[in-house]
Amino acid sequence: FFLLFVLHLYKLVDEKERSLRAAMKLAGLAQSQHFLSWIIPFLLAYLLTSALLVVWGLVFRFKFFTKTAFSVYMLTFFIFGIALAAWCFFFDALLVRRTDQVATVSFNCFIITYLLASAGSIVYMTDKDGKPLISDNILVLRKLFACIPPVMFNKAVTDISQTAAIGAPLNFKLAASYSDIFPVRTCWSWMLSPDTIGSRGG
């Protein structure tokens with residue numbers, strides 16, 4: 001997923017750097033058409049990547065895939081891909097000006113989001129009685145961390161793995177009700193929520 005993010009971001013920045021976007025606009029290309037010309041290949045690439053992950057997971061008989069409903073893990077991967085596609089437009093619009101900056105910015109983004117996802121998992125943990133491990137005074141951190149798609153992706157994948165490991169596999173219906181603290185379907189919603197910002201940024 002991250003490799004696709006880097007490649008797509010590079011293509012977007014390269015187009016901007018070479019002023020192709022401005023030239024196409026002068027030629028009469030509508031912004032909506034330009035947006036669709038990018039988002040459709042992005043989504044197809046992430047859909048293919050998600051499908052390949054699923055196929056290999058089933059081939060090697062990982063419990064994550066064999067003990068969980070197809071719709072749950074496929075949507076988790078694909079929705080995360082959609083979120084990354086939106087981030088490409090956001091980064092292109094606000095953070096990256098030249099193609100030689102793509103690798104540095106992408107690497108820094110990977111490190112920061114990895115650390116946030118690792119730290120963020122603590123925010124959603126509960127004890128054996130189902131009570132939050134963090135103080136009630138800082139529960140607002142859950143929503144702040146939820147604005148970062150890799151954090152929600154990490155939460156969803158962790159929950160799917162844990163339920164599969166204990167023999168309580170998730171299906172589409174259970175994915176919304178097995179927990180009171182950001183179940184998988186809530187994670188999907190939060191992963192999609194930044195997309196409006198990202199797409200408008202492009």
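Why is the sulfur of cysteine 187 not in a bond with the closest cysteine sulfur, in cysteine 147? The two sulfurs are 13 Å apart, which is too far for a bond. This briefing concerns a predicted model, in which the protein has 10 helices and zero strands. Its mean pLDDT is 82, and 92% of the residues score at least 70.

**Cysteines**

- The structure holds zero disulfides, and cysteine 147 accordingly takes part in none, with the sulfur of cysteine 187 as the nearest cysteine sulfur, 13 Å away.
- Because a disulfide requires a pair of cysteine sulfur atoms within 2.5 Å, the 13 Å between the sulfur of cysteine 187 and that of cysteine 147 is too far for a bond.
- The surroundings of these residues can also be described by their accessibility: cysteine 147 is partly exposed, with a relative accessible area of 43%, whereas cysteine 187 is buried, with a relative accessible area of 0%.

**Overall architecture**

- Read along the sequence, the protein follows the pattern α-α-α-α-α-α-α-α-α-α, and its C-alpha trace spans about 60 × 45 × 25 Å along the principal axes.
- Of the 202 residues in the protein, 38% are buried, while the accessible surface comes to about 11300 Å², with 67% of that area belonging to carbon and sulfur atoms.
- When contacts between residues at least 6 apart in sequence are considered, 73% of them join residues at least 24 apart.

**A nonpolar surface patch**

- Leu48, Leu52, Val55, Trp56, Val59, Phe60 and Phe62 form a nonpolar patch on the surface, and together these residues have about 740 Å² of accessible area.
- One of these residues, valine 55, lies in helix α3, which covers residues 31-59.
- Valine 55 counts as partly exposed because its relative accessibility is 45%, a value that falls between the limits of 20% for buried and 50% for exposed.

**Confidence along the chain**

- Confidence is highest in helix α9 (residues 184-192), with a mean pLDDT of 91, and lowest in helix α10 (residues 195-201), with a mean of 39.
- Over residues 195-202 the pLDDT stays under 50, and for this stretch the model has 14 contacts beyond four places in sequence.
- Where pLDDT is low, the predicted coordinates should not be read in detail.

Conventions. Residues are numbered from 1 along each chain as its sequence is written. This is a predicted model: local features need pLDDT of at least 70, side-chain atom pairs count only at pLDDT 80 or more; totals for chains, interfaces and linings use all residues. Side-chain values use heavy atoms; hydrogens and water are left out. Patches are made of residues with over 30% relative accessible area and no salt bridge: like charges are joined within 9 Å, nonpolar side chains (Val, Leu, Ile, Met, Phe, Trp, Tyr) within 5 Å. Accessible areas come from the Shrake-Rupley method with a 1.4 Å probe; for residues, only the protein chains shown count as cover. A salt bridge is a side-chain nitrogen of Lys or Arg within 4 Å of a carboxyl oxygen of Asp or Glu. Helices (H or I, at least four residues) and strands (E, at least two) are DSSP runs, numbered from the N terminus. Buried means under 20% relative accessible area, exposed over 50%, partly exposed in between (1.4 Å probe, protein chains only). pLDDT is the predictor's confidence in each residue, from 0 to 100. Contact means heavy atoms within 4.5 Å.
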